[in-house]
Amino acid sequence: MEENVFEHMAKKYDSPERMALAKIISDRVRLELKETKEKTLLDYGSGTGLVGLALTDLVKQSTLVDSSENMVQIIQEKIDTQDIRHVTAKVLDLTKETLTEKVDIIIVSLVLLHIPDTKKILKKLYQSLNEGGQLILIDFDKNEHVSHPKVHNGFLASDLSELLAQVGFSNSKIEIFHHGKNVFMKQDADLFIAISNK
């Protein structure tokens with residue numbers, strides 16, 4: 001079995017830089033979550049919960065999932081120490097498993113670039129949403145300065161729109177909302193948010 005690099009990173013994951021970027025992302029996602037008090041949210045590939053835990057006040061129930069047991073353990077510690085209600089943390093890898101229950105909103109923040117088969121994971125996410133549900137993707141715009149054998153070097157909006165449509169999503173809107181210094185493999189990069197409906 002291939003080793004999960006995020007297991008090693010978990011304890012040191014919450015660096016000031018990552019926390020600052022997560023705040024920028026969660027603030028932007030907040031603008032999209034209106035009238036969601038009765039909805040359920042899934043943060044897929046949640047890491048230590050930096051984005052997902054910042055949004056729990058906006059929904060009825062949140063589930064934070066990650067394929068790394070160590071990451072999920074840290075989320076659970078945060079839930080316990082901060083006494084956060086209506087939040088569940090679980091270990092799950094949607095590239096190999098299926099979600100047992102469906103949700104209204106799925107957030108995938110800086111995760112898509114780590115998954116080799118983009119279309120396959122988008123299909124899984126589509127299947128995990130309730131009818132009328134919403135997928136919110138945050139990731140890096142295509143960046144020619146980044147080259148890594150296990151990481152996509154970002155995504156072109158046109159390519160991503162096409163993939164989302166092929167999977168069945170509709171009304172996708174994609175916009176760049178932040179330019180960061182040294183945020184993507186030590187390169188400056190643009191972050192986009194893509195919002196699509198099922």
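**Exercise 1.** In this predicted model, determine which residues Leu58 is in contact with, leaving aside its neighbours within four places in sequence, and state where Leu58 is found.

*Solution.*
Step 1. With neighbours within four places in sequence set aside, the contacts of Leu58 are Arg30, Leu33, Thr36 and Lys37.
Step 2. One of these partners, Leu33, is 25 residues from Leu58 in sequence, and the C-alpha to C-alpha separation of the two is 7.0 Å.
Step 3. Leu58 is found in the loop between β1 (40-44) and β2.
Step 4. The relative accessible area of Leu58 is 14%. Buried means under 20%, so Leu58 is buried.

**Exercise 2.** Locate Thr63, classify its accessibility and list the residues that it touches, not counting those up to four places away in sequence.

*Solution.*
Step 1. Strand β2, residues 61-66, holds Thr63.
Step 2. The relative accessibility of Thr63 is 8%, and therefore Thr63 counts as buried.
Step 3. Not counting residues up to four places away in sequence, Thr63 touches Leu41, Leu42, Asp43, Thr88 and Lys90.

**Exercise 3.** Characterise the packing of helix α4 with helix α5 by distance, angle, handedness and the residues that meet.

*Solution.*
Step 1. Helix α4 comprises residues 118-127 and helix α5 residues 157-167; their axes come within 9 Å and cross at roughly 50 degrees.
Step 2. An angle of 35 to 65 degrees falls outside the parallel and perpendicular classes, so α4 is oblique to α5.
Step 3. The crossing in which α4 passes α5 is right-handed.
Step 4. On the α4 side the contact involves Thr118, Lys119, Leu122, Lys123 and Tyr126, which meet Leu160, Leu163, Leu164, Gln166 and Val167 in α5.
Step 5. By class, the residues of this contact comprise six nonpolar, two polar and two charged.

**Exercise 4.** A search of the whole structure finds two aromatic pairs. Establish the geometry of the pair Tyr126 and Phe169 and of the pair Phe140 and Phe184, and place each pair in the chain.

*Solution.*
Step 1. For Tyr126 and Phe169, the centre to centre distance is 4.9 Å and the angle between the planes is 90 degrees; the pair is edge-to-face.
Step 2. This pair links distant parts of the chain, as Tyr126 is in helix α4 and Phe169 in the loop between α5 and β6 (170-184), 43 residues apart.
Step 3. Tyr126 and Phe169 are both buried.
Step 4. The ring centres of Phe140 and Phe184 are 4.2 Å apart, with the planes at 10 degrees. Planes under 30 degrees apart count as stacked, and therefore the pair of Phe140 and Phe184 is stacked.
Step 5. Phe140 in strand β5 (residues 129-140) and Phe184 in strand β6 are 44 residues apart, and this pair also links distant parts of the chain.
Step 6. Phe140 and Phe184 are both buried.

**Exercise 5.** For Leu110 and Lys186, report phi, the place in the chain and the accessibility class.

*Solution.*
Step 1. Leu110 has phi near 55 degrees, a positive value in a residue other than glycine.
Step 2. Leu110 has its place in the loop between β4 (103-109) and α4.
Step 3. With a relative accessible area of 21%, Leu110 is partly exposed.
Step 4. Lys186 has phi near 65 degrees, likewise a positive value in a residue other than glycine.
Step 5. Lys186 has its place in the loop between β6 and β7 (187-197).
Step 6. The relative accessibility of Lys186 is 72%, so Lys186 counts as exposed.

Notes. Residues are numbered from 1 along each chain as its sequence is written. This is a predicted model: local features need pLDDT of at least 70, side-chain atom pairs count only at pLDDT 80 or more; totals for chains, interfaces and linings use all residues. Side-chain values use heavy atoms; hydrogens and water are left out. Axes are lines fitted to C-alpha atoms, for helices over the stretch in contact, and angles run from 0 to 180 degrees between N-to-C directions. Helices (H or I, at least four residues) and strands (E, at least two) are DSSP runs, numbered from the N terminus. Angles under 35 degrees count as roughly parallel, over 145 as roughly antiparallel, 65 to 115 as roughly perpendicular and the rest as oblique. A crossing is left-handed if the near helix is turned anticlockwise from the far one by less than a right angle, and right-handed if clockwise. Contact means heavy atoms within 4.5 Å. Ala, Val, Leu, Ile, Met, Phe, Trp, Tyr, Cys and Pro count as nonpolar, Asp, Glu, Lys and Arg as charged, and the others, Gly among them, as polar. Rings of Phe, Tyr and Trp (its six-membered ring) pair if their centres lie within 6.5 Å; planes under 30 degrees apart count as stacked, over 60 as edge-to-face and the rest as tilted. Buried means under 20% relative accessible area, exposed over 50%, partly exposed in between (1.4 Å probe, protein chains only).
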